[in-house]
Amino acid sequence: MRYRPARAMEAQTVPDRPGLPLRERLRELPPVQAAARNPQAAAAAVIGAFVVALIVGEGLQEVAQRGLTGLSNGAIYALGAVGLTLVYGILKLVNFAHGDFLTFGAYMAFIVNISWGGPLVLAILFAIAVTALLGVALEKAMWGPMRARGAGTLQLLLMAIGLALVIRYVIQFAFGTELRQLDVNNTATADFLGLSIGRTFLVVIGVGFVVLLATGLMLRYTLLGKRMRALSDNLELAETSGIDTSRVILYTWVFAAGSAGLAGVFAGAVTQVQPELGFEFLLPIFAAVVLGGIGNAFGALASGIILGVVIEWSTFFIDPGFKLGVGFLVLIIVLVVRPQGIFGQARTV
Amino acid sequence: MTELLPTLPLAIDLEAFASLGFWTGVGILAGTYTIFALGLQINVGFTGIFNFGQAGFMAIGAYSMAILVTDAELSFWLALPIAILITIAFGLLIGLPALRLRTDYLAIATIAAAEALRLFALNARDLTGGAQGIFGFDNDWDDVSDSILSGLESLGWTNPETLFPLFLVVWGVAIVLIIALTALQKTPWGRVLRAVREDEDAARALGKNAFAYKLQSLAIAAALGAIAGFFLALNLRFIIPDEFLPIFTFLGYAVLVLGGLASYWGVAVGSIVFWTLFEGLRFLELPFDEVQIRALQFIVLGLVLILLMAFRPQGMFGKRQEMVLGD
């Protein structure tokens, strides 16, 4: 038998421990204390100050221009993050294969759009549907049975990694490593207010934000959305209160994989379709998930967009080659200083 | 052979498969990844910390060594211990904040740290040569290699395999490390490590500084990663950022779980089995092109991970009761 102290007791004994976590020690400083009490306001204040400083230093025009570019990546991060965070929150599964769901979606769109010559809208719908189906199939074949057997963290982590490799390299096996292009016009730009943005980027921002808004409303107001959040909050409690959890889990996979498929098509449209596509987006998506607080869908949505913009703005100071490093840096700093994210609550950690 | 046996697509190119060149190559890779995965073993198997950044440690070790030799013009033999120390310092730097995290967060944090490093290596061209990488750091090794080769010739082996000295040295080092680590595991220090794995709170209640033990475990893994990095660099004769993708950490995990958790000798066997399978795939007479064979290798890697975790999570030599699979 193992002795495990209750979470609440553990929290109370924290200050007495010799190896007091850094964030606990930091919390004793007054401004940090205030920030810890209201992390959203603190984050908003930091970002606000950052934006003002940028505008003063670099000019409104340039800041808005790069911010706009950042929004399209932000929309992709947010779309990827919202599904990843729900799966993480509900199933306690760190789905390393989520990035490869994006790749899968992009290739499904490529098949319809290029191989079969179909219209892009149809390709997007097909990609969403088939990726959602993949998510459900994997739940039925792999994750459900493993949960029933009481698999541990390491087992699930390594299975997710194995799955990621299988998806990625089956795609590479079938399509090769060539960079492929969806049928989008990447040279046309839209100009307004003195800003210029690629038409594809604009479509990604437009459609992305509509979908993200719909997602937010769905989670906030529909019964399914409420159930998903209830499961993410506490699966046993949700089950006790009469929610058909296995059904909601299936819907969660439909939603998570489907949104990943859409994110993948967008990612393929603004860059190129290639087997590493989703993997390159995975760590920024993880950063958005952690920043938003694991399991917190709204947090993931907001953090994804913030991250996309901030990463783009970071190119004012650093070589663009390093800009993805900013995502990793944010991820590590947030994990260390505030692992529950700016939208999460301490007890989720 | 393909033309002779068109109806047998799964025939093995026996000639290539039986050649000493093939086995020397496989042996070097297996030895390198044995050392690499020994680090994962002490972390995952004996301390219960999920280090997913081992490829990052390998990168720091290999790059520090190469930069010290080519830029600072240090002797290769002096560069090795310094590179190990640099890697340990990085391990402590990452471990100090990250080891306080919950297991799954630690996995994400370490993989992000390793990727950040790879990205740095890719972009800091002045220091690391960017995507072209670094070469020309192995002259001192070549002298040793040549003298081993002439030694082999004097023993009566005409025309020995040029990479055979590396094979001998990598396995010599791997076996010494396995013996040392196995002995270390039997000391009181090793027993505390296991206690931390089993129940950190209980270890702490007994007055053991669990965090310090975890940090020491990570430092040892970093050092082992660096040593694996040296052999990787000597085998390739150059280093490029692509050799340190997270996928190589996952490969290390496949080696680890194939051999079994909490067994250092198991790592060596797991590595030999894995690399024989992995490289042997290239000699199956399959009707695929090179990219497809490469993809097939990684599909097999993924399947090994999935199937082992689903059906035999303790691996070949692991003991089920020695596993901490839960939180």
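This is a guided tour of a two-chain model, with a suggestion at each stop of what to select next.

**Before selecting anything**

Keep in mind that the model is predicted, and that the predictor gives the complex an ipTM of 0.86 together with a pTM of 0.85. Colour chain B by pLDDT, and you will be looking at a chain whose average is 87, with 92% of the residues scoring at least 70. Residues 1-9 of chain B are a stretch to read with care, since there the pLDDT is below 50, and in the model this stretch has 8 contacts beyond near neighbours in sequence.

**Chain B as a whole**

Show chain B as a cartoon, where 14 helices and 2 strands can be traced. Its C-alpha trace spans about 70 × 50 × 45 Å along the principal axes. The radius of gyration of chain B is 20 Å, which agrees with the value near 20 Å that a compact globule of 327 residues would have. Of those 327 residues, 49% count as buried, and among the contacts in chain B with a separation of 6 or more, 76% are made by residues 24 or more positions apart.

**Chain A as a whole**

Switch to chain A, whose secondary structure comes to 15 helices and 2 strands. Here buried residues make up 48% of the 349 residues, and of the contacts between residues at least 6 apart in sequence, 76% join residues at least 24 apart.

**The contact between the chains**

Now select the residues at which the two chains touch: 44 residues come from chain B and 43 residues from chain A. On the side of chain B, the elements that give two or more residues are helix 5 (103-123), helix 10 (200-205), helix 12 (246-259) and helix 14 (290-311). Colouring this side of chain B by residue type would show 31 nonpolar, 6 polar and 7 charged residues.

**Helix 15 of chain A**

Select residues 323-337 of chain A, which form helix 15, and take the distance between the end C-alpha atoms: they are 21 Å apart, in agreement with the 21 Å that 15 residues should span at 1.5 Å a residue. Is this helix enclosed or open to the outside? Because 11 of its 15 residues are buried, helix 15 of chain A is largely enclosed by the rest of the structure. Those buried residues include A:L324, A:F328, A:L331 and A:L335. To see what surrounds them, add helix 13 (277-292) and helix 14 (297-313) of chain A together with helix 5 of chain B, against which the buried residues pack.

**The largest nonpolar core**

Keep A:L331 in view, for it is among the residues with the most contacts inside the largest nonpolar core, which has 218 residues; the others in that group are A:A78, A:A109, A:A160, B:M65, B:A254 and B:L305. Helix 11 of chain B, residues 210-236, gives the largest share of this core, with 16 residues. Centre next on B:A254, which, leaving aside neighbours within four places in sequence, is in contact with B:F274, B:L301, B:V304 and B:L305.

**A last stop at A:A230**

Finish in helix 10 of chain A (residues 223-233), where A:A230 lies. With 18 other C-beta atoms within 10 Å, A:A230 is partly exposed. Apart from neighbours within four places in sequence, A:A230 is in contact with A:A238 and A:I243. Select A:T245 as well: A:A230 and A:T245 are 15 residues apart in sequence, and their C-alpha atoms are 9.8 Å apart in space.

Note on methods
Residues are numbered from 1 along each chain as its sequence is written. Chains are lettered from A and ligands numbered from 1 in the order in which they are written. This is a predicted model: local features need pLDDT of at least 70, side-chain atom pairs count only at pLDDT 80 or more; totals for chains, interfaces and linings use all residues. Two residues are in contact if their C-beta atoms, placed from the backbone, lie within 7 Å. Helices (H or I, at least four residues) and strands (E, at least two) are DSSP runs, numbered from the N terminus. Ala, Val, Leu, Ile, Met, Phe, Trp, Tyr, Cys and Pro count as nonpolar, Asp, Glu, Lys and Arg as charged, and the others, Gly among them, as polar. The radius of gyration is taken over C-alpha atoms; the globule rule is 2.2 Å times the number of residues to the power 0.38. A residue is buried if 20 or more other C-beta atoms lie within 10 Å of its own, exposed if 12 or fewer, and partly exposed in between; C-beta atoms are placed from the backbone. pLDDT is the predictor's confidence in each residue, from 0 to 100. The expected span of a helix is 1.5 Å times one less than its number of residues. A nonpolar core is a set of buried Ala, Val, Leu, Ile, Met, Phe, Trp, Tyr and Cys residues joined through C-beta atoms within 7 Å.
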